[in-house]
Amino acid sequence: MNRLVLVRPTEAHINEIRAFKEEFLAHDSHTHSTSGLGRFDNIQEWLAFVRTRNNAGTLPPDSKYVSADQYILMREGEPRILGMINFRHSLGAEGGHLAEHGLSRVLLTCADDNEKSRKTIIACGGVFERLAITGDERDERYWIAL
């Protein structure tokens with residue numbers, strides 16, 4: 001079995017990104033951890049949006065977003081996307097990730113209706129902190145010791 005790798009999405013992945021999105025939408029599923037992929041009809045526009053989030057200097061001044069890196073999970077040598085993760089560089093009002101080295105723990109969040117992410121986080125040692133509600137968003141917060 002080929003090892004799993006995280007790679008940054010590029011134009012070379014457009015067909016796979018489209019197929020990943022269509023598979024989720026066909027099953028009435030949410031595209032969690034995808035930097036809003038479900039809201040974009042044009043994959044090129046989504047890639048451009050993802051790039052604006054790479055560092056704080058490229059975010060619009062009035063942005064509600066924090067800088068973040070978007071990754072796709074694939075098996076090395078295979079084109080199919082298995083999943084995505086959005087790694088936020090700082091904590092924002094709506095949650096985020098810590099991008100520092102030498103941390104003793106990390107915060108993971110998932111929508112309260114995302115059962116698969118919840119189970120994965122708990123299986124990796126996630127300890128529930130609280131439910132964070134912002135507008136219509138309901139996110140569970142878990143801490144994992146490193």
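Author: Two strands pair when DSSP finds at least two bridges between them. The model here is predicted. In it, glutamine 70 has asparagine 86 in E3 as its bridge partner.

Reader: How do you know that E2 and strand E3 pair?

Author: Pairing needs at least two bridges. E2 and E3 (residues 81-88) are joined by seven, so they pair. They run antiparallel. Another bridge in this pair sets aspartate 69 against phenylalanine 87 of E3.

Reader: What makes strand E1 and strand E2 a pair?

Author: The bridge count again. E1 (residues 4-7) and E2 (residues 68-75) share four bridges in the antiparallel sense. At least two are required, so the two strands pair. Leucine 4 stands opposite arginine 75 in E2.

Reader: What is the strand order in the open sheet?

Author: The order is E1-E2-E3, three strands with antiparallel pairing. E1 and E3 are the edge strands, since each pairs on one side only. From one strand to the next, the twist averages 25°.

Reader: Which residue in the hairpin of E2 and E3 takes a positive phi?

Author: Glycine 77, with phi near 85°. The hairpin has five residues between its strands.

Reader: Which residues have the most contacts inside the largest nonpolar core?

Author: Ile17, Leu37, Ile43, Trp46, Leu47, Ile81 and Met84, in a core of 14 residues. Helix H1 (14-26), helix H2 (43-52), E2 and E3 each give two or more residues to this core. H2 gives the most, with five.

Reader: What does isoleucine 81 touch?

Author: Leaving out residues up to four places away in sequence, isoleucine 81 touches Glu16, Ile17, Phe20, Ile72, Leu73 and Met74. A contact here needs heavy atoms within 4.5 Å. In soluble globular proteins, nonpolar side chains tend to be buried together.

Reader: How many aromatic pairs does the rule count?

Author: Two.

Reader: Why is the pair of phenylalanine 40 and phenylalanine 49 called tilted?

Author: The centres lie 5.4 Å apart, and the planes stand at 35°. Centres within 6.5 Å make a pair. Stacked needs under 30 degrees and edge-to-face over 60. The 35° falls between those limits, so the pair is tilted. Both phenylalanine 40 and phenylalanine 49 are buried.

Reader: What makes phenylalanine 128 and tyrosine 142 an edge-to-face pair?

Author: Their planes are 70° apart, and their centres 5.4 Å. An angle over 60 degrees counts as edge-to-face, so the label fits. Phenylalanine 128 sits in strand E7 (residues 127-134) and tyrosine 142 in strand E8 (residues 137-145), so the pair ties together parts 14 residues apart in sequence.

Reader: Why does phenylalanine 128 count as partly exposed?

Author: Its relative accessibility is 45%. Buried means under 20% and exposed over 50%; 45% is in between, so partly exposed is the class. Tyrosine 142 has 4%, under the 20% limit, so tyrosine 142 is buried.

Reader: Is cysteine 110 buried or exposed?

Author: Buried, because its relative accessible area of 4% is under 20%. Cysteine 124 is at 52%, over the 50% cut-off, so cysteine 124 counts as exposed.

Reader: How many disulfides does a search of the whole structure find?

Author: Zero. A disulfide needs two cysteine sulfur atoms within 2.5 Å, so no cysteine pair in this structure meets that limit.

Conventions
Residues numbered from 1 in each chain as written. Predicted model: local features only at pLDDT ≥ 70, side-chain atom pairs only at ≥ 80, totals over all residues. Heavy atoms only, no water. Buried < 20%, exposed > 50% of the residue type's maximum accessible area, 1.4 Å probe, protein only. Phe/Tyr/Trp six-rings, centres within 6.5 Å; stacked < 30°, edge-to-face > 60°. Core = buried A, V, L, I, M, F, W, Y, C linked by side-chain atoms within 4.5 Å. Axes fitted to C-alpha atoms, helices over the stretch in contact; angles between N-to-C directions.
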